[in-house]
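Q: Please take a close look at the charged side chains in this model. I would like to follow the pairings, the surroundings and the exposure in one connected account.

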Amino acid sequence: MDADGLRAAVEAEHADALDLLGSRELLVALSDGDPRPAALLAAAADSEYAARETFREWADGAADPALRDVFEAVAEQEDDHFHRVRTAMDDDVHDPERSGPMHAYLRGREDPIQQVAAGMVGRTLVSLRTHGRLIDFFDAVDGHDHDHDRDCAALFRDLRAETAACLDDGLAILDERADGDDWAAAEAVAGYTIRLAADDLRDALCSYRNS
């Protein structure tokens, strides 16, 4: 297997989960049933913050200097994303504890190949879908501040492009470093990362509908 094959296999195996993560149900889950710009921006800020903390933790624990540099660069990108989303928010609503089961799982990965596969492949495939849905929302929302909504759509387009570059970097690292059984482990952790994100979304929907 190579990195392109890994991505194709993961996307095919977890197509339903990825579709759910890019659906309108995502907006419902992130906003307790009432998709509004403020709630969605707050949820996006929480997500970027959680990613920053995950990659900072990995960078601090990395024994390989090259991977430490990679994880530090991703952490810096996520920090930039976090602050750009915060700038778009009208208030200072942010829950640093809202990292969710996906990031708890990521932070438990200690093997470098698994960290790259889970954090730079599985997680980014999730983020590409969620950013896409947020772009669609802000493009279509009929709010009182059209300029702000257009700016938010443009922001998430930029974040999505930068996240796609992170995915490309992760795939390139796997092509350089993975060998033999590494590929099976990489596919497993990338896929499980996606499943956790989708299951968390389903749990949020159930909680909203049963409230």
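The answer below starts with the salt bridges and then turns to the charged surface and a few long-range contacts.

A: This is a predicted model. Start with the pairing itself. Side chains of opposite charge can pair when their charged atoms come close. The structure holds 14 salt bridges. Three of them are taken up here.

Take the bridge between Arg-123 and Glu-78. The closest N and O atoms of Arg-123 and Glu-78 are 3.4 Å apart. Arg-123 belongs to helix H7, residues 112–140, and Glu-78 to helix H5, so this pair ties together parts that are 45 residues apart in sequence. Is Arg-123 buried or exposed? Arg-123 is buried, because its relative accessible area is 3% and the limit for buried is under 20%. Glu-78 is buried too, at 2% relative accessible area. The link between H7 and H5 is therefore made by a buried arginine and a buried glutamate.

Glu-78 leads on to another part of the chain. Its C-alpha atom is 13 Å from that of Ala-164. Along the chain, Glu-78 and Ala-164 are 86 residues apart. Ala-164 sits in helix H8, which covers residues 146–177. Ala-164 is partly exposed, with a relative accessible area of 27%.

Now the bridge between Asp-199 and Arg-202. Here the N to O distance is 2.8 Å. Asp-199 and Arg-202 are in helix H9, residues 182–210. Their spacing is 3 residues, so about one helical turn separates Asp-199 from Arg-202. How accessible is Asp-199? Asp-199 counts as partly exposed, at 35% relative accessibility. Arg-202 counts as partly exposed as well, at 37%. A network is found elsewhere: salt bridges with shared partners join Arg-52, Glu-53, Arg-56 and Asp-79.

Within that network, look at Arg-52 and Glu-53. Arg-52 forms a salt bridge with Glu-53, and the closest N and O atoms are 2.9 Å apart. Arg-52 is buried, with 9% relative accessible area. Glu-53 is partly exposed, because its relative accessibility is 24% and buried would need a value under 20%. This bridge thus joins a buried side chain to a partly exposed one.

Next, the acidic side chains on the surface. Which residues form the negative surface patch? Glu-57, Asp-60, Asp-69, Glu-72 and Glu-76 form the patch. Helix H4 (37–61) and helix H5 (65–88) are the elements that give two or more residues to it. H5 gives the most, with 3 residues. Glu-72, a patch member, is located in H5. Glu-72 is partly exposed, at 35% relative accessibility. A patch residue must have over 30% relative accessible area and no salt bridge, so Glu-72 at 35% clears the area cut-off. H5 thus holds Glu-72 of the patch and also Glu-78, which pairs with Arg-123.

H9 and H6 add two long-range neighbours. Ala-188 is a residue of H9. Ala-188 counts as partly exposed, at 48% relative accessibility. Ala-188 and Leu-6 are 182 residues apart in sequence. In space, their C-alpha atoms are 9.9 Å apart. Gly-100 lies in helix H6, residues 100–107. Gly-100 is partly exposed, with 29% relative accessible area. The C-alpha atoms of Gly-100 and Leu-196 are 9.1 Å apart. The sequence gap between Gly-100 and Leu-196 is 96 residues.

Last, the cysteines. How many disulfides are counted? The count is 0. A disulfide needs cysteine sulfur atoms within 2.5 Å. Cys-152 is buried, at 2% relative accessibility. Cys-166 is buried, with 3% relative accessible area.

To draw the charges together: Arg-123 and Glu-78 link H7 with H5. Asp-199 and Arg-202 pair within H9. H5 is also the main contributor to the negative patch, with 3 residues.

Definitions and conventions:
Residues numbered from 1 in each chain as written. Predicted model: local features only at pLDDT ≥ 70, side-chain atom pairs only at ≥ 80, totals over all residues. Heavy atoms only, no water. Patch = residues over 30% accessible without salt bridge, like charges linked within 9 Å, V, L, I, M, F, W, Y side chains within 5 Å. Areas by Shrake-Rupley, 256 points an atom, 1.4 Å probe, with all protein chains shown as cover. Salt bridge = Lys/Arg side-chain N within 4 Å of Asp/Glu carboxyl O. Lys, Arg positive; Asp, Glu negative; His and termini not counted. Charge placed at Lys NZ, Arg CZ, Asp CG, Glu CD. Helix = DSSP H or I, 4+ residues; strand = E, 2+ residues; numbered from the N terminus. Buried < 20%, exposed > 50% of the residue type's maximum accessible area, 1.4 Å probe, protein only.
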